[in-house]
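Thank you all for making the time this morning. I would like to walk you through one structure, taking its parts in turn, and I will try to be careful about what can be said of each.

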Number of protein chains: 2
Amino acid sequence: MEFEPEALQTRMKHFKEQLRRAGVKATHQRLEIFREVAKSGDHPDAEGIYKGVHKRVPTLSLDTVYRTLWSLLDLGLITTLGATRRRVRFDANMSSHHHFICAKCGMTRDFYSKKFDTLEIPAAVKALGIVEKTQVEVRGLCISCSKEDNSKSNVSHIKEGK
Amino acid sequence: MEFEPEALQTRMKHFKEQLRRAGVKATHQRLEIFREVAKSGDHPDAEGIYKGVHKRVPTLSLDTVYRTLWSLLDLGLITTLGATRRRVRFDANMSSHHHFICAKCGMTRDFYSKKFDTLEIPAAVKALGIVEKTQVEVRGLCISCSKEDNSKSNVSHIKEGK
DNA sequence: TTCCTAAATAAGAATAAATACTATTTAAGA
DNA sequence: TCTTAAATAGTATTTATTCTTATTTAGGAA
Ligand SMILES: [Mn+2]
Ligand SMILES: [Mn+2]
Ligand SMILES: [Zn+2]
Ligand SMILES: [Zn+2]
């Protein structure tokens, strides 16, 4: 869903406010990187973001793009798509099923639901292309991670895990 | 969902059959790599698979693991988890929404559905951990990709795209 | 069974995404 | 304006994945 110019401006205002609340500096780079992600209905990768912002901020470094994106993720101001971890994971279960994914350690478990298998796809989606399959992704904290998670509630973007 | 020993054996038999039908050789490495993915309820990455199979096939190379996994993906005998592309993609839309993803070019579009926002999570899933959010992933072919896709219906694992 | 050959593999080099390091710059509060 | 911790640029490094090439092998033919 695209955001109109006004909506973008509103979002930028909110963004600055949230930065202040989080006690992090509202740098030019941060604002522009967020703007780049927020302004498009697409879901750009780091390099696309880098290229887009670089036009406006020629001194920008790729390192800053990554650092900024991960910190915005930690602050809950953006999300990542698909897998939490960057490595590709494989699945030999070809029967219709769904996944529970731990946001902290990446643990992924299958589950089954007739109801989820037969969700009715909105007409607006069918207009985007040919639908082949539908899967539900439930995200949260697995039991062992939620145990560790007392006090230090830091679900930063994952490095290691099962 | 774990597979009992018998179930695994049945799956291995089916697997060999499918290899034969596809006209590709049933090498020791292929069988063991598939077995490794099929036998666990986990969703291992290439390195995990390599380590597991390496115990049984000490000459195995990591390259073979990747090559085999991608070809099994192309044959439709396994799937990958999460994003089709390996690069991480970012999303500044923090409102509750869902995604349509083109399996060929990776194009990803938001869509909205009250129904999908309020899916009731099965009890079995709640037993796995604390549920934080639920998202529906609709996969298929976007309009422009489905146009190209006449005749050569080869949705092999993606390299480039928008 | 033995032979043949295209297909598959091992090993290691190469590439590309992501991260770490360090000297320099800057936001924002005093 | 001054100060300083936080953030950045630029570069080096790491790590996941892919490529290259010489060697091996599955499986069909003889
Ligand atoms: Mn699965
Ligand atoms: Mn989205
Ligand atoms: Zn976990
Ligand atoms: Zn497409």
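I will begin with how the two protein chains are related, go on to the contact between them, and then turn to the DNA strands.

Please keep in mind throughout that what you see is a predicted model, and that the distances I quote are computed from it.

Let us start with the two copies. If you take chain A and rotate it by 180 degrees, with 0.0 Å of shift along the axis, it superposes on chain B with an RMSD of 0.1 Å. The two copies are thus related as by a two-fold rotation axis.

Now to the place where they meet. The contact takes 66 residues from chain A and 66 residues from chain B, and 98% of the interface residues of chain A are also interface residues in chain B, so the copies meet through the same surface. The size of an interface is often given as the accessible area lost when the parts come together. Here chain A and chain B bury about 6300 Å² between them, and 61% of that area is on carbon and sulfur atoms.

What holds polar groups opposite one another across this contact can also be listed. Four salt bridges are found across the interface of chain A and chain B, and one of the pairs I can show you is A:D42 with B:R109, where the closest N and O atoms are 3.2 Å apart. The count of residue pairs in polar contact between the two chains is 30. On the side of chain A that touches chain B, the largest share, 14 residues, comes from strand 5, residues 129-142, and by class that side has 35 nonpolar, 15 polar and 16 charged residues.

With the protein pair in view, let us turn to DNA strand C. This strand is surrounded by 21 residues, and the closest are A:Y66, A:W70, B:T64, B:R67 and B:R87, so named from both chains. Of the atoms of DNA strand C within 4 Å of the protein, 72% belong to sugar or phosphate, and the rest belong to bases.

Which secondary structure elements supply this surface near DNA strand C? Helix 4 (62-74) of chain A, helix 2 (28-39) of chain B and helix 4 (62-74) of chain B each supply at least two residues, and helix 4 of chain B gives the most, with four residues. By class, the surface has six nonpolar, six polar and nine charged residues.

Several individual approaches to the phosphates of this strand can be pointed out. A polar side-chain atom of A:Y66 lies 2.2 Å from a phosphate oxygen of DNA strand C, while for B:R30 an N or O atom of the side chain is 3.0 Å from a phosphate oxygen. With B:T59 a backbone N or O atom is involved, at 3.1 Å from a phosphate oxygen of the strand.

Finally, DNA strand D. Around this strand there are 22 residues, of which A:T64, A:R67, B:D63, B:Y66 and B:W70 come nearest, and sugar and phosphate account for 73% of the atoms of DNA strand D that come within 4 Å of the protein. Helix 2 (28-39) and helix 4 of chain A, together with helix 4 of chain B, each supply at least two residues of the surface near this strand, which by class has seven nonpolar, six polar and nine charged residues.

Here, too, backbone atoms approach phosphate oxygens: a backbone N or O atom of B:A26 lies 2.8 Å from one, and a backbone N or O atom of A:L60 lies 3.5 Å from one. A base is also approached, in that a polar side-chain atom of B:K25 lies 3.1 Å from a base nitrogen of DNA strand D.

That brings me to the end, and I am glad to go back to any part of the picture.

Conventions: Residues are numbered from 1 along each chain as its sequence is written. Chains are lettered from A and ligands numbered from 1 in the order in which they are written. This is a predicted model: local features need pLDDT of at least 70, side-chain atom pairs count only at pLDDT 80 or more; totals for chains, interfaces and linings use all residues. Side-chain values use heavy atoms; hydrogens and water are left out. Copies are superposed by least squares on the C-alpha atoms of residues with pLDDT of at least 70 in both. Contact means heavy atoms within 4.5 Å. A polar contact is a pair of N or O atoms within 3.5 Å; within protein, one must be able to donate a hydrogen and the other to accept it, and residues adjacent in sequence count only if both atoms are side-chain atoms. Ala, Val, Leu, Ile, Met, Phe, Trp, Tyr, Cys and Pro count as nonpolar, Asp, Glu, Lys and Arg as charged, and the others, Gly among them, as polar. Buried area is the accessible area (1.4 Å probe) that two parts lose on being put together, summed over both. A salt bridge is a side-chain nitrogen of Lys or Arg within 4 Å of a carboxyl oxygen of Asp or Glu.
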